[in-house]
Amino acid sequence: MAQSNLFPDIVASAALNHYFEILPKKGKPTPGKEWSVYAAIIATRSSTSSPKHQSTSSAAVLGNDAWVVSCATGSKCTSIPASFKSTLSNIEVPQCMNDAASRCTRCCQEQIKGFVLHDSHAEILARRGLIRTLWKEIHDDLDGEEGEPRNGQIRSNCLLQRITKTSGGKSTDLCYELKTNIQLHLYISDSPCGDATIYDILSDYGKYLSEGGNVNFTGAKIIVPSECSKKRKAFESSNLTFCGNVKSSKEVDKREMSFIARERLQITSALRLKSGRSNLPAHMRCSSMSCSDKLCKWSILGLQGSGFLSCLLKNPIRLTSIVVSKDPRTDATMIGKQARSSSQLGALERALVERANKAMKILPNNLKSSLSFCMPKVYLT
């Protein structure tokens, strides 16, 4: 095996060993009868302590110093049943801190006050597990010094380190950052849903093919911008079939709303909602963005989200690499630049890296300077 291929194998081995050897058998899919997507966030401790020299080579990892921070198997996404809405309608919540009343309506009412977990895909749940881990580290750090025994354990695999902001020689806010010799990686057993799943597969798998070639059918619905709604008939007569509006809020002018559609010939690099039945009414349709779109967003903004956790972090928490298992339905003999662009790896690079790079180019210069970082590297294993 080539040296360059060792690093993604280390990440994948850490994730899969945790699944097969450490997690209990209860709750796992039955081999040969059931299946699920598995995702894990892996931390590695490298031999260099400088963030400017973060490496994704196997030589930079000290022995087997890689461990699972969080992991999950995926489930389908959910809508909000009307009966559940009525059950929670009388629950009191603290007053929203957002200034705009319209935003308060969206976050408190449409999201049912935080009681519903809409997106249960494996990658999303693994990221939620990472956030929980970060919160626990901050709590434990404030409750006792790092490295001291707590509940009989030594916290040797902490991801964060405490730093103190200074202004004019005086200490100000307490905050945290990822340790300089720690890198985070995401392992996924299958390509993330959405744009990353549009790639060539063998013609033997006919039921998975889209129209117009041996291209894997994503199932995730494409989002068509509101400015195209006036040309809806033209779109439907060409390649798209209208499926409904993205949102059904009464506060939004329907002329300004984006809509979702199905394609006969799949369009790459587009934003998509997670897959679901096309004939569902708007209030029962999942409104979660595809995993490809979320990973692309996290490549730029980080995994920590925009909540209170981001206020305690000096810098966004970003992935160093994304490792995905090879799809057995692909043709490993394909070579050449054109073949690579339509391959599984090419689709991953397009959906997760190239789209993020294009988004960065159109940002104002002041934002570009504050978002100076390296995009995650993508591997197949």
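Q: In this predicted model, how many residues does the largest nonpolar core have?
A: Start with the residues that have the most contacts inside this core: Leu-130, Leu-159, Leu-184 and Leu-186. They belong to the largest nonpolar core, and its residue count is 45.

Q: Which helices give two or more residues to this core?
A: Strands chip in here too: S1 (38-46), S2 (61-73), S4 (170-178), S5 (182-188) and S10 (321-324) each give two or more residues. Set those aside and you're left with the helices on the list. They are H4 (122-143), H6 (291-301) and H8 (344-361).

Q: How many residues are in the other core that lies apart from it?
A: This other core lies apart from the 45-residue one. Its members include Ala-14, Tyr-19, Tyr-38 and Val-323. The count for this core is 14 residues.

Q: Leaving aside neighbours within four places in sequence, which residues is Leu-186 in contact with?
A: Leu-186 is one of the residues with the most contacts inside the largest core. Leave aside its neighbours within four places in sequence, and the list runs to Ala-39, Ala-40, Ile-41, Leu-295, Leu-319, Ser-321, Ile-322 and Val-323.

Q: Is H6 parallel, perpendicular or oblique to H8?
A: Two packed helices are described by the angle between their axes and the distance between the axes. For H6 and H8, the axes sit 9 Å apart and the angle is about 50°. Roughly parallel needs an angle under 35 degrees and roughly perpendicular needs 65 to 115. The angle fits neither, so H6 is oblique to H8.

Q: Is the crossing of H6 and H8 left-handed or right-handed?
A: The two helices meet through Ser-292, Asp-293, Leu-295, Cys-296, Ser-299 and Ile-300 in H6. On the H8 side, the partners are Ala-351, Leu-352, Arg-355, Ala-356, Ala-359 and Met-360. As for the way H6 passes H8, the crossing is right-handed.

Q: Is Ser-203 buried, partly exposed or exposed?
A: Ser-203 is found in the loop between S5 and strand S6 (221-224). Its relative accessibility is 45%. Buried would take a value under 20% and exposed one over 50%. That's why Ser-203 counts as partly exposed.

Q: What distance separates the C-alpha atoms of Ser-203 and Asn-214?
A: Not counting residues up to four places away in sequence, Ser-203 touches Leu-209 and Asn-214. Asn-214 is 11 residues from Ser-203 along the chain. In space, their C-alpha atoms are separated by 5.7 Å.

Q: What share of the residues in the protein chain is buried?
A: The protein chain has 9 helices and 11 strands. Out of its 381 residues, the buried share is 41%.

Terms used:
Residues are numbered from 1 along each chain as its sequence is written. This is a predicted model: local features need pLDDT of at least 70, side-chain atom pairs count only at pLDDT 80 or more; totals for chains, interfaces and linings use all residues. Side-chain values use heavy atoms; hydrogens and water are left out. A nonpolar core is a set of buried Ala, Val, Leu, Ile, Met, Phe, Trp, Tyr and Cys residues joined through side-chain atoms within 4.5 Å. Buried means under 20% relative accessible area, exposed over 50%, partly exposed in between (1.4 Å probe, protein chains only). Helices (H or I, at least four residues) and strands (E, at least two) are DSSP runs, numbered from the N terminus. Contact means heavy atoms within 4.5 Å. Axes are lines fitted to C-alpha atoms, for helices over the stretch in contact, and angles run from 0 to 180 degrees between N-to-C directions. Angles under 35 degrees count as roughly parallel, over 145 as roughly antiparallel, 65 to 115 as roughly perpendicular and the rest as oblique. A crossing is left-handed if the near helix is turned anticlockwise from the far one by less than a right angle, and right-handed if clockwise.
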